[in-house]
Every structure is written in C-alpha cells, then in structure tokens.
Amino acid sequence: QVQLVESGGGLVHPGGSLRLSCAASGFAFGQYAMSWYRQTPGKEREFVARISHLGTTTAYSDLVKARFTVSRDNAKNIVYLQMNSLKPEDTAVYYCYLWRSQDYWGQGTQVIVNS
C-alpha cells in the first residue's frame with residue numbers, strides 16, 4: 001500500500017532554512033511525479049512545488065520560487081523540499097502528494113517560521 005511520510009519540519013527564525021523529506025513506499029516511486037502542498041488553519045491547501053518522475057522538470061508556486069528547491073532521490077524513494085530564506089508566511093503544515101489513479105497524501109510536517 002502507498003505510504004508517504006514527511007519529516008524535517010520544525011521551528012525556525014525568519015531567514016532560516018529547513019529541508020523537508022518525504023519517504024515513499026508501496027509503489028514504483030521512479031515512475032511518478034511528486035508534489036508538495038501546504039496548508040494553514042482556515043485556508044485551502046495550496047500548491048508549493050512539483051517534480052517530474054525523473055527529476056528533470058520542476059514547477060513552483062510564485063510564492064516560493066527562488067527560495068525553495070524540490071529534488072528527489074529515486075534510489076532512496078525520497079522527495080525533498082529545501083526551504084531557504086523562510087518567511088513567517090511560510091508557516092504551514094507541509095504535505096507530500098502523489099496522484100496515481102487517485103490522490104495520496106502524507107500526514108504532513110509542521111513548519112513554523114517565527115522570531
């Protein structure tokens with residue numbers, strides 16, 4: 001069965017960095033694009049970044065472009081989100097996402113950016 005497990009969240013000061021990881025199992029990871037979304041209380045979940053199955057193509061929300069980098073290691077079945085120059089508005093629960101005939105979501109990892 002598909003499992004997506006996020007990790008790496010935490011509390012950082014504005015301008016700091018975090019690297020999130022999503023460990024995937026239960027499917028052919030290297031055959032599927034993976035995405036990151038985030039959500040804050042009272043708001044809709046929003047797209048953050050996406051990476052193609054081989055890692056050759058990426059897409060980003062304009063809100064994070066030039067600050068975040070998505071990457072993947074298909075040998076380890078992990079997708080990463082490197083988050084630099086973090087802002088308070090980046091505070092959210094970050095979710096790993098897969099579409100494979102249906103939506104699959106991880107449980108999320110909390111990122112708090114606050115002084």
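Reader: What makes arginine 38 and glutamate 46 a salt bridge?

Author: Keep in mind that this is a predicted model. In it, the closest N and O atoms of arginine 38 and glutamate 46 are 2.6 Å apart. The cut-off is a side-chain nitrogen of Lys or Arg within 4 Å of a carboxyl oxygen of Asp or Glu, so the pair counts. Side chains of opposite charge can pair when their charged atoms come close.

Reader: Why is arginine 38 called buried?

Author: Its relative accessibility is 5%. Buried means under 20%, so arginine 38 gets that label.

Reader: And glutamate 46, why is that one called partly exposed?

Author: Glutamate 46 has a relative accessible area of 21%. The partly exposed class lies between the buried limit of 20% and the exposed limit of 50%, so glutamate 46 belongs there.

Reader: How do you know that aspartate 90 and arginine 38 meet in a salt bridge?

Author: The N to O distance for aspartate 90 and arginine 38 is 2.9 Å. With the limit set at within 4 Å, that pair therefore qualifies too. It links distant parts of the chain: arginine 38 belongs to strand β4 (residues 34-39), aspartate 90 to the loop between β8 and β9, and they are 52 residues apart.

Reader: Is aspartate 90 buried or exposed?

Author: Buried: its relative accessible area is 1%, and the class takes anything under 20%, so the call follows.

Reader: Which residues are linked in a network of salt bridges?

Author: Arg38, Glu46, Arg67 and Asp90. Arginine 67 sits in the loop between β6 (58-60) and β7 (68-73). Among the residues arginine 67 touches, leaving out those up to four places away in sequence, are Gln82, Asn84 and Asp90.

Reader: What makes arginine 67 buried?

Author: Arginine 67 has 11% relative accessibility, and the cut-off is under 20%, so it counts as buried.

Reader: How many salt bridges does the structure hold?

Author: There are 4. One of them joins aspartate 62 and lysine 65, with the closest N and O atoms 3.1 Å apart. Aspartate 62 is exposed because its relative accessible area of 65% is over 50%. Lysine 65, at 45%, falls between the two limits, so it is partly exposed.

Reader: What about serine 101, why is it called exposed?

Author: Its relative accessible area is 68%, and exposed means over 50%, so serine 101 fits. Serine 101 is in the loop between β9 (92-99) and β10 (103-105). It also has a positive phi of about 65 degrees, although it is not a glycine.

Methods. Residues are numbered from 1 along each chain as its sequence is written. This is a predicted model: local features need pLDDT of at least 70, side-chain atom pairs count only at pLDDT 80 or more; totals for chains, interfaces and linings use all residues. Side-chain values use heavy atoms; hydrogens and water are left out. Helices (H or I, at least four residues) and strands (E, at least two) are DSSP runs, numbered from the N terminus. Buried means under 20% relative accessible area, exposed over 50%, partly exposed in between (1.4 Å probe, protein chains only). Contact means heavy atoms within 4.5 Å.
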